[in-house]
Amino acid sequence: MSAGTTLRRTLRLAAGLVAALALALSTVLLVQAPAQAGGGTFSYCFFVIDEETGTVERVCPEWEVPVEGPRKWWPKDCWVCLGLFDFEDYAVNPAERVSFYEQLGQGQALLAQADLTKDEKLAEQLRSEAAAAFYSAAKLIDKGGAVSYKGFSWFDPQSGKVYGDPQPEPNLEFGYSVEAGLAYMQQAVLGPQPQPWIESAMKEFEQANAAIEAIAAG
């Protein structure tokens with residue numbers, strides 16, 4: 001099955017239609033939630049789909065962002081569009097993919113909280129908890145395998161139309177930073193001295209966090 005076929009089927013599923021999707025590919029769905037005082041929140045829903053049973057499980061971590069901006073990253077004629085990030089996750093056991101994305105999402109949500117708090121002690125604690133969540137996610141990736149970023153598209157849930165990414169910079173940065181962060185965390189899991197690898201991983205996840213804030217708040 002080609003990546004293009006997989007993405008189209010995923011989009012049809014997101015639009016509410018039944019589609020067969022290879023379990024090896026999961027999709028991250030970006031949706032906007034109601035704005036809160038002084039800012040807004042965004043949720044990323046990771047769809048874990050079993051093509052044999054047709055069941056779908058969603059993992060939807062919520063991120064808080066400083067402000068709700070004019071959506072300059074969206075397609076100009078589709079401000080209601082949702083963002084679809086594709087990750088290839090062959091190296092994660094199908095039975096553990098929900099847990100994997102829960103840990104990954106929890107780590108990014110904790111980093112978002114750390115960025116917003118003015119309490120330095122609390123921020124450090126949140127970043128430590130985020131590192132632990134990312135480490136737990138990396139432990140679920142098979143030795144010698146990897147979770148890799150595949151691509152991004154905008155999807156109109158009303159019409160079903162798929163758009164290219166007119167301004168791809170933050171979306172690319174998010175995807176590749178998550179990929180790199182997980183790779184570093186795998187080294188931390190497997191190596192005798194995890195701390196240097198954890199530090200490198202956290203820098204990547206911080207960059208991913210900044211990229212998603214740029215999309216949400218820009």
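**Note on the predicted model: strands, helices and core**

1. The chain has five helices and seven strands. The model is a predicted one. Read from the N terminus, its elements follow the order α-β-β-β-β-β-α-α-β-β-α-α.

2. Some totals for the chain come next. The chain has 218 residues, and 47% of them count as buried. Its exposed surface is about 10600 Å², with carbon and sulfur atoms supplying 51% of that area. Among contacts with a separation of 6 or more, 68% are between residues 24 or more positions apart.

3. Strand S5 (82-88) is a good place to begin with the strands. Six of the seven residues of S5 are buried, so the strand is largely enclosed by the rest of the structure. S5 pairs with S6 in the antiparallel sense, over seven bridges. Two positions help in following this pairing on the model: Gly83 stands opposite Trp154 in S6, and Leu84 has Ser153 in S6 as its bridge partner.

4. Strand S6 (148-155) is mostly covered too, with seven of its eight residues buried. Besides S5, S6 pairs with strand S7 (residues 162-163), again in the antiparallel sense, over two bridges. Trp154 takes part here as well, as its bridge partner in S7 is Tyr163. The hairpin of S6 and S7 has six residues between the strands, and in this hairpin Gly160 takes a positive phi near 85 degrees.

5. Next is helix H4. H4 covers residues 169-190, which makes 22 residues. From its first C-alpha to its last H4 reaches 32 Å, close to the 32 Å expected at 1.5 Å a residue. Buried residues of H4 include Pro170, Phe174, Val178, Gly181, Leu182 and Met185. A general point helps in reading such a list: an α-helix has 3.6 residues a turn, so residues three or four places apart point the same way.

6. Which residues of the largest nonpolar core touch the most other members? They are Phe100, Leu104, Phe174, Met185, Met202 and Phe205, in a core of 50 residues. The elements giving two or more residues to this core are strands S2 (40-49), S4 (62-65), S5 and S6, together with helices H2 (97-116), H3 (120-139), H4 and H5 (194-217). H5 supplies the largest share, nine residues. As general background, nonpolar side chains in soluble globular proteins tend to be buried together.

7. Phe174 lies in helix H4 and is buried, with a relative accessible area of 6%. What does Phe174 contact, leaving aside its neighbours within four places in sequence? The residues are Trp63, Phe85, Phe87, Ala208, Ala211 and Ile212. For Phe174 and Ile212, the C-alpha atoms are 6.4 Å apart in space, while the two residues are 38 residues apart in sequence.

8. Val178 is also found in helix H4. Is Val178 buried or exposed? Its relative accessible area is 2%, so Val178 is buried, the cut-off being under 20%. Apart from neighbours within four places in sequence, Val178 is in contact with Phe87, Leu104, Gln108, Phe205 and Ala208. The C-alpha atoms of Val178 and Asn209 are separated by 9.1 Å, and these residues are 31 residues apart along the chain.

9. Met185 is another of the buried residues of H4. Not counting residues up to four places away in sequence, Met185 touches Ala131, Phe134, Tyr135, Ala138, Ile198, Ala201, Met202 and Phe205.

10. The aromatic rings deserve a separate point. A pair of aromatic rings is described by the distance of the centres and the angle of the planes. With a limit of 6.5 Å between ring centres, the count comes to five aromatic pairs. Why is the pair of Phe134 and Phe205 called stacked? The ring centres are 3.6 Å apart and the planes lie at 10 degrees, so the pair falls under the 30 degrees set for stacking. Phe134 lies in helix H3 and Phe205 in helix H5, so this pair ties together parts that are 71 residues apart in sequence. Phe134 and Phe205 are both buried. Elsewhere, Phe87, Tyr149 and Tyr176 form one aromatic cluster.

Notes. Residues numbered from 1 in each chain as written. Predicted model: local features only at pLDDT ≥ 70, side-chain atom pairs only at ≥ 80, totals over all residues. Heavy atoms only, no water. Helix = DSSP H or I, 4+ residues; strand = E, 2+ residues; numbered from the N terminus. Expected span 1.5 Å × (residues − 1). Buried < 20%, exposed > 50% of the residue type's maximum accessible area, 1.4 Å probe, protein only. Core = buried A, V, L, I, M, F, W, Y, C linked by side-chain atoms within 4.5 Å. Contact = heavy atoms within 4.5 Å. Pairing = 2+ DSSP bridges. Phe/Tyr/Trp six-rings, centres within 6.5 Å; stacked < 30°, edge-to-face > 60°. Areas by Shrake-Rupley, 256 points an atom, 1.4 Å probe, with all protein chains shown as cover.
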